[in-house]
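Here are my notes after going through the model you sent round. I've kept them as numbered points so you can check each one against the coordinates.

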Amino acid sequence: MGITESDDLPLLQFSSSSDNSATKRTGTIWTAVAHIITGVIGSGVLSLAWSMAQLGWIAGPFFMLFFAFITLVSTFLLCDCYRSPDPEYGPIRNRSYTDAVRLYLGERSAWIGELVMQISFYGTGIAYVITSATCLRAIERSNCYHKHGHDASCEFGDTFYMLLFGVVQVFMSLIPDFHSMDWLSVVAAIMSFTYSSIGLGLGAAKVIGDGVVQGSIDGLSASSGTQKLWLVSQALGDIAFAYPYSMIVLNIQDTLRSPPSESETMKQASVVSICITTFFYLSCGGFGYAAFGDQTPGNLLTGFGFYEPYWLIDFANACIVLHLVGGYQVYSQPVFAVADKWFAERLPDSTFVHKHYTLKLPILPALELNVQRVCFRTAYVVSTTAVAMMFPYFNQVLGVLGALNFWPLSIYFPVEMWLRQRNIRGWTPTWILLKSFSILCFVLTMFALVGSIQGLVAARFS
């Protein structure tokens, strides 16, 4: 094992530039699909059966398809904003969401978008810490129930597991940038397919075994109309969290080789990913609700609607944890890139920022370390872990995060940037259609946000 120094290694720059980037882009439609699925099919899939239970058999599938459509429209708009002025052959590449907003809408909009996006990235990291700890605790509880019976008092805390996940992420955060984690996204995507399939299979097996499809048209009954309204809004927030990946679209697109154009490849990858995702979401949500009806747990694989086979439950939860290890990095690397750029611009002569060390471990490839990166990324992981320990409420946290980032990042900015890029004049049919689309999504987002915040506050102080 040895460590050597290097002062001249280039930092990854997520900024508008021409094609003479120092980073070689080798991504394909399949690496893009892996990145998207890693970013999309995460902890959100586990809450969809609960969301279906709140909405019922008509509204539940409708809103899942509705959010899938919105996500695809949003992604197509963003894909066209990667290059400028021409969406396929323009010489300027916007390597991140913020760069695109800055180019098309100005510095002030870029600052607002960056703030919302960083809050959303940070919140997603918190959600992944919570979910991973819940799954690790579920493995321990599953073994306890198998050994002592389903009526045993198998209650365990999740603080230790949050700390354990945080330690793992400290080491995973040493990955330099998005371009260096194709392998991690592929592994995570495989894990997401695995546990989603297990959840789907267990739900289907229970429905077939019982010979009864539970649930109703109007969903779970509540103690009052107001309470039902809150639960419906939380369910919409959970679905909103499960779908969009607007924040990382351009980061993923920047990894793609061309020709064909990055826009064409990314759109194809998005269609494939959304179709796969929607199939799993409808299947997991539908079979979960059909199996448990009004007793549908908030988390399909950790709420112990299923007890046996316990080893399969354990395996599924282990797959979730492995997936979230990669998912955490997919949503953290854009934050790290912004931090790297900020430090590099403000401290151009600092060895703390610019000096790199090469760490060579036996068998493993050489690892490039930078003191500023190690310090910032470690502090970031520690902070997400600490907040997760303060607010360990799965469904409510997902609802708040989904509602917070859905309209501004997935609807408003993509619509405005596309209109500006295409020079669409006001009050033309295209302008009216997209503006109406944005207003409708804003109303839906506000409804989901208010209900999800109410649920989070109620859970925290109950």
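The points below go from the record's annotation, through cavities and pockets, to a handful of individual residues.

1. First, the status of what we are looking at: this is a predicted model. Please read everything that follows with that in mind.

2. On the annotation side, the unreviewed UniProt entry gives "transmembrane region" at residues 29-50, 56-79, 119-139, 159-176, 183-209, 271-290, 400-419 and 431-457. I looked at two of those spans in the model. Residues 119-139 come out as 100% helix and 0% strand, with 31 Å between the end C-alpha atoms. For residues 431-457 the content is likewise 100% helix and 0% strand, and the end C-alpha atoms sit 39 Å apart.

3. Next, the enclosed space. How many cavities of 30 Å³ or more are there? The count is five. I'd look at the second largest cavity, which holds about 60 Å³. Its lining consists of Ser96, Tyr97, Thr98, Glu114, Met117, Gln118, Phe121, Met247, Asn251, Pro334 and Val338.

4. Which helices build that lining? H3 (97-105), H4 (107-148), H8 (246-253) and H10 (310-346) each put in at least two residues. H4 has the largest share, with four residues. By residue type, the lining of the second largest cavity splits into six nonpolar, four polar and one charged.

5. Now the open space. The second largest pocket has a volume of about 370 Å³. It is lined by 18 residues, and those closest to its centre are Arg102, Glu114, Val338, Lys341 and Trp342. Glu114 and Val338 also appear in the lining of the second largest cavity, so keep both spaces on screen when you look at these two residues. 

6. Where does the lining of that pocket come from? H3, H4 and H10 each contribute at least two residues. H10 gives the most, with eight residues. The lining of the second largest pocket breaks down into nine nonpolar, two polar and seven charged residues.

7. Gln372 deserves a look. This residue is in helix H12 (residues 371-390), and what is its accessibility class, buried or exposed? Gln372 counts as buried because its relative accessibility is 1%, under the 20% cut-off. Its side chain makes a polar contact of 3.3 Å with the side chain of Asp340. Leaving aside residues up to four places away in sequence, Gln372 touches Ala339, Asp340, Phe343, Phe352 and Val353.

8. Thr385 is in H12 too. At 5% relative accessibility, Thr385 falls under the 20% limit and therefore counts as buried. What does Thr385 touch, not counting residues up to four places away in sequence? The contacts are Val129, Met162, Leu163 and Gly166. With Met162, the C-alpha atoms are 6.4 Å apart, although 223 residues separate the two along the chain.

9. Please check the backbone between H8 and H9. Most residues other than glycine have a negative phi, and most peptide bonds are trans. Ser258 and Pro259 are joined by a cis peptide bond, with omega about 0°. Pro259 and Pro260 are also linked by a cis peptide bond, here with omega about -5°. Pro259 is in the loop between H8 and helix H9 (262-292), and Pro260 lies in the loop between H8 and H9 as well.

10. The loop between helix H13 (394-421) and helix H14 (429-461) is the other backbone spot to check, starting with Asn423. Asn423 is not a glycine, yet its phi is positive, at about 55°. Buried or exposed: which applies to Asn423? Asn423 is exposed because its relative accessible area is 65%, over the 50% cut-off.

11. Trp427 belongs to the loop between H13 and H14 as well. Its phi is near 65°, a positive value in a residue other than glycine. With a relative accessible area of 68%, Trp427 is over 50% and therefore exposed.

Notes
Residues are numbered from 1 along each chain as its sequence is written. This is a predicted model: local features need pLDDT of at least 70, side-chain atom pairs count only at pLDDT 80 or more; totals for chains, interfaces and linings use all residues. Side-chain values use heavy atoms; hydrogens and water are left out. On a 1 Å grid over the protein atoms alone, a cavity is a set of points where a 1.4 Å probe fits but cannot get out, and a pocket is an open set with protein on both sides within 12 Å along at least five of seven lines; lining residues have an atom within 4 Å of a point. Grid points are joined across faces, edges and corners, and a volume is the space filled by probe spheres set on the points. Ala, Val, Leu, Ile, Met, Phe, Trp, Tyr, Cys and Pro count as nonpolar, Asp, Glu, Lys and Arg as charged, and the others, Gly among them, as polar. Buried means under 20% relative accessible area, exposed over 50%, partly exposed in between (1.4 Å probe, protein chains only). A polar contact is a pair of N or O atoms within 3.5 Å; within protein, one must be able to donate a hydrogen and the other to accept it, and residues adjacent in sequence count only if both atoms are side-chain atoms. Contact means heavy atoms within 4.5 Å. UniProt positions are given in the numbering used here, feature names are shortened, and annotations may be inferred rather than shown by experiment.
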